[in-house]
Amino acid sequence: MTTGVTYFIPKSGDSKEVRNNRPITCLTTMYKTLTGITAKRISTHLEEQSLLPAEQKEYHPGSKGCKDQLIISKAIYEDCRRGNKNLSIDWIDYQKAFDSVPHSWVEKSIELVGVKIKIVRFCKPSMEKWNTRLFLKQSRK
């Protein structure tokens, strides 16, 4: 149930180049439903305990995350342009950031914030069993 099947879908250019392919991982509907319920319970706990800063838009109910932040940035930019004000904006690209977080940190974090022990006990063995099978479709010549 915890095994994903990853397909590489060509984006553009030479599909033999790894960077020109986008990995898509498919999981069973049962597992996606179960992890969705678990994520919702963790999110509700964090929200009820006021443990998420307002700046973490992605994790607040009803938020569109990056879309909200882009709209806010555009409004600030337009206001500065109309008022002839100076403005500096920096964008930080956290590409692949979530791939670099050890599972042990995730486990410890949900314990530290007081998530119910049943959820912690579900997450730890589930993460230990995460794996994926890779499928590459090669053209024959």
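How are H1 and H4 oriented to each other, oblique or parallel? They are oblique, and the rest of this report walks you through where those two helices sit among the other parts. One thing to keep in mind from the start is that this is a predicted model.

**The overall plan**

Let's begin with the inventory. The protein has four helices and three strands. Reading from the N terminus, the elements go β-β-α-α-α-α-β. Buried residues account for 16% of the 141 residues. As for how the chain folds back on itself, take the contacts between residues at least 6 apart in sequence: 44% of them join residues at least 24 apart.

**The sheet**

The three strands make an open sheet in the order S2-S1-S3, and the pairing is mixed. Strand S2 (21-26) and strand S3 (131-135) each have a single partner strand, so they stand at the edges, and one side of each has no neighbour in the sheet. From one strand to the next, the twist averages 30°.

Now for the pairing of S1 with S3. Strand S1 covers residues 3-10, and it runs parallel to S3, with five bridges between them. If you want a spot to look at, find valine 5, which stands opposite arginine 133 in S3.

Two residues give you a good feel for this part of the sheet. Threonine 3 belongs to strand S1, and it is partly exposed, at 29% relative accessible area. Leaving aside residues up to four places away in sequence, threonine 3 touches Cys26, Leu27, Asn131, Thr132 and Arg133. Asparagine 131 lies in strand S3 and is likewise described as partly exposed, with a relative accessible area of 41%. With the same sequence neighbours left out, asparagine 131 touches Thr2, Thr3 and Gly4.

How far apart in sequence are asparagine 131 and valine 5? The answer is 126 residues, while their C-alpha atoms are 8.7 Å apart in space. Threonine 3 and tryptophan 130 make a similar story: 127 residues apart in sequence, and 6.0 Å apart from C-alpha to C-alpha.

**How the helices pack**

Two packed helices are described by the angle between their axes and the distance between the axes. Helix H1 (residues 29-48) and helix H4 (residues 117-128) have axes that come within 11 Å and cross at roughly 135°. That angle is neither under 35 degrees, nor over 145, nor from 65 to 115, so the pair counts as oblique. The crossing of H1 and H4 is left-handed. On the H1 side, the contact is made by Tyr31, Leu34, Thr38, Arg41 and Ile42, and on the H4 side by Ile119, Phe122, Cys123 and Ser126. Sorted by class, six of these residues are nonpolar, two are polar and one is charged.

Helix H4 also packs with helix H3 (residues 103-112), at an angle of about 180° and with the axes 10 Å apart. That makes the two helices roughly antiparallel. Here H3 brings His103, Val106, Glu107, Ile110 and Glu111, and H4 brings Val120, Cys123, Lys124 and Met127. This contact divides into five nonpolar residues, one polar and three charged.

**Three residues in the loops**

Which loops are worth a visit? Here are three loop residues side by side.

| Residue | Place | Relative accessibility |
|---|---|---|
| Asparagine 20 | loop between S1 and S2 | 15% |
| Serine 50 | loop between H1 and helix H2 (66-82) | 62% |
| Asparagine 84 | loop between H2 and H3 | 71% |

Asparagine 20 counts as buried at 15%, because buried means under 20% relative accessible area. Residues up to four places away in sequence aside, asparagine 20 touches Ile9, Pro10, Lys11, Ser12, Gly13 and Asp14.

Serine 50, by contrast, counts as exposed at 62%, and asparagine 84 is exposed too, at 71%.

What is the phi of serine 50? It is positive, at about 50°, although serine 50 is not a glycine. Asparagine 84 is not a glycine either, and its phi is also positive, at about 55°. For background, most residues other than glycine have a negative phi.

How values were computed. Residues are numbered from 1 along each chain as its sequence is written. This is a predicted model: local features need pLDDT of at least 70, side-chain atom pairs count only at pLDDT 80 or more; totals for chains, interfaces and linings use all residues. Side-chain values use heavy atoms; hydrogens and water are left out. Two strands pair if DSSP finds at least two bridges between them. Axes are lines fitted to C-alpha atoms, for helices over the stretch in contact, and angles run from 0 to 180 degrees between N-to-C directions. A crossing is left-handed if the near helix is turned anticlockwise from the far one by less than a right angle, and right-handed if clockwise. Contact means heavy atoms within 4.5 Å. Ala, Val, Leu, Ile, Met, Phe, Trp, Tyr, Cys and Pro count as nonpolar, Asp, Glu, Lys and Arg as charged, and the others, Gly among them, as polar. Buried means under 20% relative accessible area, exposed over 50%, partly exposed in between (1.4 Å probe, protein chains only).
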